[in-house]
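Trainee: Pick one strand pairing in this model and take me through it closely. Then widen the view to the rest of the chain.

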Amino acid sequence: MADPAPIQGRRAAVRDLSVTLKGGREIVSDVGFEIAPGEILCLIGESGSGKTTVSTALLAHVRAGARIASGQISIGDVDVLSQTPRSLLSLRGKTVAYVAQDPTSAFNPAIRILDQMIEVALCHGWDRKTARTRAIEILAEVSLPTHDDFLCRFPHQVSGGQLQRLGIAIAMMLEPAVLVLDEPTTGLDVATQAIVLKLVRQLCTDHGIAALYVTHDLAVVAAIADRVAVMRNGRIVETDAAGPFFKAPSHDYSRELLQAAPDPALARPRTGMALGASAQPILRVAGLAARYGLAPVLNEVSFEVHAGECLAIVGESGSGKTTLSKCIVGQHTQQNGLVELDGVALHARSRNRSLKARRELQYIFQSPFSALNPRKTVGESIGMAHNLVAGSKKNRSQAVVEALTKVGLRADQATLRPDRLSGGERQRVCIARALICKPKVLVCDEITSALDVVVQEAILDLLVRLRDEEGLAMLFVTHNLAVVRNLADRVLVLDKGKTAEIGATEDVLTRPQHPYTQSLLANTLSISTISGQRWGSTS
């Protein structure tokens, strides 16, 4: 049967929505809101507050072990929750589309990028030629390459930011009436983020698309939101137009979120470390080059990191930041150059390095969804890392509890599997797993990108304390320049695999010399700046 015509220009409404787990515990209680055509409603709140559960409910979907207990969801005159499984297949993608928080789990790793895009349109009755033309058109709109080499790649052959843009492109293929975006710019650099936000805003306005935008990035909210809804413990505690929300939030929790949000226009940079002339670097990289097949990714990258120092690596998606991190920890072997840990040269392959080197150089992955074994409990995953340090199971349970407590998790969460945790909670588990190894160098690949601002602040405070008290060195890969300003001693800017600029944080962020660095700073969102531009002074 042919799909129904698109229901564009129609209002989305959620009334008295409640979601329960087996056993009857409510995780979402009496949630209600409306989204007008062309409007963007931003849904914000801490990790585990129920944001993603509410967003997926718009597609009549909940996670395993949960069910929609009561409520009504409508798009125009269509009652979403009363649809049959067959009619839901037609509804999803064409009437309401979803952009997942984690792009790596949203794609089939065995199917090429273009084929996955075309498949969406084919499922809704398009012919292959028309679907291919539309796919190439939308790829260009989200600033991705359209040449055959890119189109024939598999998901693992593109960067995290590029993969997220692909997810957005697929969701926009059929120009749905309602677009649900779950942290869509989390893995994007500031330049790409600006492009995507502008694209989302333009599509919603031009085509009358109602958008639910789930995020913890309040600068993004300030830039794109028409209205804001704040969730805590499964309930909406405040709903307001964006201007009044940022000027004078009514709920205490809303004020707490705004106070915790980093702002590059207001942040005070750290004073750089005073290093002696003979100080021995704990990590040294010299002339590092890397490639994927014949395609070069890194070219002659060199730097040093000392004990107790944080070096931030910034750059756009595809600039080589993650590849650099993986070369350092031995997860990318197509590399040339030197990587030294405490004066000892390291093999390009991790498994050929000594146990001491693997223990002292720990890596926290960008995606907490793919970094944890879904069949292992939290305690088992962290406990395996503890065995690497202690060589036995002695005191393992106590060490696991201490690690969880350090990152703000409860001891009883050690018995849970990853699918029972929010994205932010999973990332905190990954951090705990690295910290239990007592490393000398911590390589952090976008580790705060999945965290709400309150938890992010707590994690950054933890990392600062570990660095200052224990002399922990950090390589901090990020696109969040507000975090860089608060955390890093020095900054290295990567542009297309080459070092564009390196220097003290204050110098690079306030007096950038390279045009590429200047462009990154110009595209960085600031809550105070945007608020002043959209609604006047917030003071």
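Mentor: Start with one facing pair. Leu341 stands opposite Val344, and Val344 belongs to β15. This is a predicted model, so read each contact as a prediction. The partner of β15 here is β14, which covers residues 335-341. These two strands run antiparallel and are joined over 2 bridges. Two bridges are enough, because a pairing is counted once DSSP finds at least two between the strands.

Now step back to the sheet. Four strands make it up, and the sheet is open. Read across, the order is β12-β11-β14-β15, with antiparallel pairing. The edges are β12 (295-305) and β15 (344-345). Each of these edge strands pairs on one side only. So the Val344 you began with sits in an edge strand, because β15 has a partner on one side only.

Next, the aromatic rings. The structure holds 3 aromatic pairs. Take Phe245 and Phe246: their ring centres are 5.2 Å apart and their planes stand at 90 degrees, so this pair is edge-to-face. Phe245 and Phe246 are both buried. For Phe246 the relative accessibility is 7%, which is why it counts as buried; the cut-off is under 20%.

Phe246 has a further ring partner, Trp535. That pair is stacked, at 5.6 Å centre to centre and 15 degrees between the planes. It also links distant parts of the chain. Phe246 lies in helix α9 (residues 242-247), Trp535 in helix α21 (residues 527-535), and 289 residues separate them. Ring pairs thus tie Phe245, Phe246 and Trp535 into a cluster.

Compare a packed helix. In α2 (residues 85-94), the buried residues are Leu88, Ser90, Leu91, Gly93 and Lys94. Note that Lys94 is on that list despite its charged side chain name; check it in the view. The buried residues of α2 pack against two strands, β5 (78-79) and β6 (96-99).

Asp252 gives you the opposite case. It sits in helix α10, residues 252-260. With a relative accessible area of 54%, Asp252 is exposed, because the cut-off for exposed is over 50%. Asp252 and Arg86 are 166 residues apart in sequence. In space they are 44 Å apart, C-alpha to C-alpha.

Finally, the whole chain. It has 21 helices and 20 strands. The radius of gyration is 23 Å, close to the 24 Å that the globule rule gives for 539 residues, so the chain is as compact as a globular protein of that length. Along its principal axes, the C-alpha trace spans about 70 × 50 × 50 Å. Buried residues make up 55% of the 539 residues. The accessible surface comes to about 22,600 Å², and carbon and sulfur atoms account for 49% of that.

Long-range contacts are worth a look too. Take the contacts between residues at least 6 apart in sequence: 70% of them join residues at least 24 apart.

The chain is divided into three parts: domain 1 (12-95 + 178-260), domain 2 (112-175) and domain 3 (308-334 + 348-523). The C-alpha centres of domain 2 and domain 3 lie 31 Å apart.

Methods:
Residues are numbered from 1 along each chain as its sequence is written. This is a predicted model: local features need pLDDT of at least 70, side-chain atom pairs count only at pLDDT 80 or more; totals for chains, interfaces and linings use all residues. Side-chain values use heavy atoms; hydrogens and water are left out. Buried means under 20% relative accessible area, exposed over 50%, partly exposed in between (1.4 Å probe, protein chains only). Contact means heavy atoms within 4.5 Å. Rings of Phe, Tyr and Trp (its six-membered ring) pair if their centres lie within 6.5 Å; planes under 30 degrees apart count as stacked, over 60 as edge-to-face and the rest as tilted. Domain bounds come from an automatic or database domain assignment. The radius of gyration is taken over C-alpha atoms; the globule rule is 2.2 Å times the number of residues to the power 0.38. Accessible areas come from the Shrake-Rupley method with a 1.4 Å probe; for residues, only the protein chains shown count as cover.
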